[in-house]
Amino acid sequence: MAAEIVNPRSDSDTDGGTRGASDEPFDPAFALHRGGKMAVQATVPIRDKDDLSLAYTPGVAKVCSAIAERPELVHDYTWKSQVVAVVTDGTAVLGLGDIGPEASLPVMEGKAILFKQFGGVDAVPIALATTDADEIVETVVRLAPSFGGVNLEDISAPRCFEIERKLQERLDIPVFHDDQHGTAIVTLAALRNAARLTGRGLGDLRAVISGAGAAGVAIAKFLLEAGLGDVAVADRKGIVSRDREDLTPVKRELAELTNKAGLSGSLESALAGADVFIGVSGGTVPEPAVASMAPNSFVFAMANPNPEVHPEIAHKYAAVVATGRSDFPNQINNVLAFPGIFAGALQVRASRITEGMKIAAANALADVVGDDLAADYVIPSPFDERVAPAVTAAVAAAARAEGVARR
């Protein structure tokens with residue numbers, strides 16, 4: 001049964017003295033979240049003793065014994081092959097930062113219902129009371145028998161890279177850090193279509209990324225894998241380049257892979273003549289820097305709620321403008337990717353999510369736009385019913401082609 005929705009600012013509320021005044025305005029966000037946003041629902045009826053004996057003892061013992069003899073049957077006779085664990089430690093939640101596991105739960109519940117709404121995939125929020133990378137890995141490994149996949153969410157960099165890598169090494173189910181790869185996949189799809197709109201290929205483009213955290217690093221690597229001409233990544237201290245001595249191991253690796261032009265100095269200087277700006281860091285890019293970009297440039301300013309370049313400014317100079325917001329055209333939204341990616345992976349019982357599967361997802365997403373391509377439509381809406389089926393089918397096919405599918 002759905003939780004009853006009532007005014008959260010009622011006199012009966014007690015939350016440290018911040019509520020109780022009858023003249024306080026109704027807040028629909030609190031109203032919607034009261035009681036949580038999800039619940040467990042049975043898929044079989046328990047109407048009488050016969051149903052009970054089949055769903056539980058003694059009938060369930062037959063199924064348990066069969067799985068004990070043939071472990072692969074767990075996919076057929078439990079929910080394992082249809083459910084994803086959404087795991088966080090609450091250290092990098094949306095734009096809120098390190099707010100802890102309890103405060104992260106509304107976001108993790110939201111992620112879970114997006115899995116169901118857009119991909120038909122069941123998901124369970126799991127917020128962990130530890131920020132130690134090895135403890136997170138060990139906990140997830142021990143939980144893994146119950147799940148068909150693991151979606152890592154809102155774990156701060158650089159620990160997120162280590163946690164994902166170690167889990168991928170130890171588990172034979174898909175492990176996917178959406179803040180990295182989901183963002184990268186949707187960015188690539190939008191960039192492919194923007195390039196097509198202006199008569200160019202990815203290899204013709206030089207990009208500059210603001211932000212060297214989880215999303216920035218993943219986007220840079222993924223775009224290069226897909227054939228982008230060049231990309232430079234900037235952190236708070238400027239362009240990530242080989243001559244810098246203050247780089248973390250992750251950024252040192254990034255410096256070896258990126259910045260073929262050998263740029264150094266500030267983000268603003270790197271934008272001169274650049275074809276693409278991708279913002280995943282917040283902050284503000286000065287208008288003169290945007291004006292210095294190449295003709296027919298693309299500005300993907302994805303920080304929320306305040307894009308690095310406001311669309312009104314970006315449209316003065318760029319051929320295509322995208323943001324992370326739903327109130328502007330061309331929203332770069334991870335929900336376009338992760339439901340279909342996991343649906344496709346689970347459908348074929350993939351052992352992992354490969355680069356080829358991610359590329360296939362990006363291509364399928366870009367193809368949904370088709371002949372309707374326009375400057376204000378380089379990426380489809382999350383509510384376009386063609387998106388999830390297209391991504392699901394492409395990912396499943398790629399998994400089979402790459403030999404990671406088990407059915």
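Which order do the six strands of the open sheet with mixed pairing have? The tour comes to that sheet after a look at the whole chain, and it should be kept in mind throughout that the model is predicted.

**The whole protein**

Begin with the full chain in a cartoon representation, where 16 helices and 10 strands can be picked out. Taken along the principal axes, the C-alpha atoms fill a box of roughly 75 × 60 × 45 Å. A compact globule with 407 residues would have a radius of gyration near 22 Å, and the value of 23 Å for the protein agrees with this.

**The six-stranded sheet**

Now select the six strands of the opening question: they form an open sheet in the order 7-6-5-8-9-10, and the pairing is mixed. At its edges are strand 7 (238-239) and strand 10 (318-323), each of which pairs on one side only. Next, restrict the selection to strand 9 (residues 297-301) and strand 10, which run parallel and are joined by five bridges; one residue to label here is Ala-301, whose bridge partner in strand 10 is Thr-323. Adding helix 8 to the view shows what packs on this sheet, since the helix touches strand 8 (276-279), strand 9 and strand 10, and its direction makes about 155° with that of strand 9.

Two local features flank strand 9 and deserve a stick representation. In the loop between helix 12 (287-291) and strand 9 lies Asn-296, a residue that has a positive phi of about 55° although it is not a glycine. In the loop between strand 9 and helix 13 (311-317) is Pro-305, and the peptide bond that joins Asn-304 to Pro-305 is cis, with omega about 0°.

**Helix 8 against helix 9**

Keep helix 8 (residues 178-197) and add helix 9 (residues 214-225): the two pack at an angle of about 50°, with their axes 8 Å apart. That angle makes helix 8 oblique to helix 9, and their crossing is right-handed. To display the contact, select residues of helix 8 including Asp-179, His-181, Ile-185, Leu-188 and Leu-191, together with residues of helix 9 including Ala-214, Ala-218, Ile-219, Phe-222 and Leu-223. Coloured by class, the residues of this contact divide into 10 nonpolar, four polar and one charged.

**The four-stranded sheet**

Move to the other open sheet described here, in which four strands stand in the order 2-1-3-4 with parallel pairing. Strand 2 (122-127) and strand 4 (175-177) stand at the edges with a single partner strand each, so one side of each is left without a neighbour in the sheet. On average, and with direction ignored, neighbouring strands of this sheet are turned by 25° against each other. Within the sheet, select strand 1 (residues 83-88) and strand 3 (residues 149-152), which pair in the parallel sense over four bridges; Val-86 has Asn-151 of strand 3 as its bridge partner. Helix 14 (residues 338-347) packs on the sheet, where it touches strand 1, strand 3 and strand 4, and its direction makes about 160° with that of strand 3.

**Helix 14 against helix 16**

From helix 14, extend the selection to helix 16 (residues 387-401): the two axes come within 7 Å and cross at roughly 40°. These two helices are therefore oblique to each other, and the crossing is right-handed. The contact involves Gly-340, Ile-341, Ala-343, Gly-344, Ala-345 and Gln-347 of helix 14, which face Ala-388, Val-391, Thr-392, Val-395 and Ala-396 of helix 16. By class, the contact of helix 14 with helix 16 divides into seven nonpolar, four polar and no charged residues.

**From strand 3 to helices 6 and 7**

Return to strand 3 and select the loop between it and helix 7 (159-170), where Pro-158 lies; the peptide bond from Ala-157 to Pro-158 is cis, with omega near 0°. End on helix 7 itself together with helix 6 (residues 133-143), which pack at an angle of about 35° with their axes 10 Å apart, in a right-handed crossing. Among the residues in contact are Asp-134, Ile-136, Val-137 and Glu-138 of helix 6, and Arg-159, Glu-162, Ile-163 and Lys-166 of helix 7. In the contact of helix 6 with helix 7 there are seven nonpolar, no polar and six charged residues.

Technical notes:
Residues numbered from 1 in each chain as written. Predicted model: local features only at pLDDT ≥ 70, side-chain atom pairs only at ≥ 80, totals over all residues. Heavy atoms only, no water. Axes fitted to C-alpha atoms, helices over the stretch in contact; angles between N-to-C directions. Parallel < 35°, antiparallel > 145°, perpendicular 65-115°, else oblique. Left-handed = near helix turned anticlockwise from the far one by under 90°. Contact = heavy atoms within 4.5 Å. Nonpolar A, V, L, I, M, F, W, Y, C, P; charged D, E, K, R; others polar. Pairing = 2+ DSSP bridges. Rg over C-alpha atoms; globule rule 2.2 N^0.38 Å.
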